[in-house]
Amino acid sequence: MEIEFDGEVIEWRGPAPFFYAVVPSDAAETIHDLAPMLTYGWA
C-alpha cells in the first residue's frame, strides 16, 4: 500500500534526532482505519 501526500517536515533534535511529517487528516484517517490490518514495517 502506498499513500502519498504533501506535508510539513518537522525536525526534532533530541539525543537521537528524528524527522516527522505532518500527515493531512484524510490520510491520517486512512492510516488509522487500516493500521490493525497492516504488518510491522515501513518501505
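User: Is Phe18 buried, partly exposed or exposed in this model?

Analyst: In this predicted model, Phe18 counts as partly exposed, because its relative accessibility is 43%, a value that falls between the 20% limit for buried residues and the 50% limit for exposed ones.

User: And what about Tyr20?

Analyst: Tyr20 also counts as partly exposed, with a relative accessibility of 45%.

User: How many aromatic pairs are there, and how do the rings of Phe18 and Tyr20 sit?

Analyst: The structure holds two aromatic pairs. In the pair made by Phe18 and Tyr20, the ring centres are 6.2 Å apart and the planes meet at 35 degrees, so the pair is described as tilted. The reasoning rests on the angle, because planes under 30 degrees apart would count as stacked and planes over 60 degrees apart as edge-to-face.

User: Which residues do the ring pairs link into a cluster?

Analyst: The cluster consists of Trp12, Phe18 and Tyr20, which are linked by ring pairs. Trp12 also stands opposite Phe18, a residue of strand 2.

User: Ok, so how are the two strands arranged?

Analyst: Strand 1 covers residues 9-12 and strand 2 covers residues 18-21, and the two run antiparallel, joined by four bridges. Together they form a hairpin, with five residues lying between the strands.

User: What does the whole chain look like, in terms of helices and strands?

Analyst: The secondary structure comes to one helix and two strands, and if you read along the sequence the pattern is β-β-α. The C-alpha atoms fill a box of roughly 35 × 20 × 15 Å, taken along the principal axes.

User: How much of the chain is buried?

Analyst: Buried residues make up 2% of the 43 residues in the chain. The chain exposes about 4,300 Å², and carbon and sulfur atoms supply 59% of that area.

User: Which residues make the nonpolar surface patch?

Analyst: The patch is made by Met1, Ile3, Phe5, Val23, Ile31 and Leu38, and its area is about 520 Å². One of these residues, Ile31, is found in helix 1, which spans residues 25-34. Ile31 is partly exposed at a relative accessible area of 32%, so it passes the accessibility cut-off for patches, which is over 30%.

User: What else lies in helix 1?

Analyst: Ala28 lies there too, and it is partly exposed, with a relative accessible area of 34%. Its C-alpha atom is separated by 9.9 Å from that of Ile3, although the two residues are 25 apart along the chain.

User: Switching topic, how many salt bridges are there, and which side chains meet?

Analyst: The structure holds one salt bridge, in which the side chains of Glu11 and Arg13 meet at 3.5 Å, counted from N to O. As background, side chains of opposite charge can pair when their charged atoms come close.

User: Are those two residues buried or exposed?

Analyst: Glu11 is partly exposed, with a relative accessible area of 39%, whereas Arg13 is exposed, with a relative accessible area of 69%.

User: Last thing, what is the pLDDT like?

Analyst: The mean pLDDT of the chain is 86, and 93% of its residues reach 70 or more. Among the elements of the chain, strand 1 has the highest mean pLDDT, at 93, and helix 1 has the lowest, at 91. A word of care applies in general: where pLDDT is low, the predicted coordinates should not be read in detail.

Technical notes. Residues are numbered from 1 along each chain as its sequence is written. This is a predicted model: local features need pLDDT of at least 70, side-chain atom pairs count only at pLDDT 80 or more; totals for chains, interfaces and linings use all residues. Side-chain values use heavy atoms; hydrogens and water are left out. Patches are made of residues with over 30% relative accessible area and no salt bridge: like charges are joined within 9 Å, nonpolar side chains (Val, Leu, Ile, Met, Phe, Trp, Tyr) within 5 Å. Accessible areas come from the Shrake-Rupley method with a 1.4 Å probe; for residues, only the protein chains shown count as cover. A salt bridge is a side-chain nitrogen of Lys or Arg within 4 Å of a carboxyl oxygen of Asp or Glu. Buried means under 20% relative accessible area, exposed over 50%, partly exposed in between (1.4 Å probe, protein chains only). Rings of Phe, Tyr and Trp (its six-membered ring) pair if their centres lie within 6.5 Å; planes under 30 degrees apart count as stacked, over 60 as edge-to-face and the rest as tilted. Two strands pair if DSSP finds at least two bridges between them. pLDDT is the predictor's confidence in each residue, from 0 to 100.
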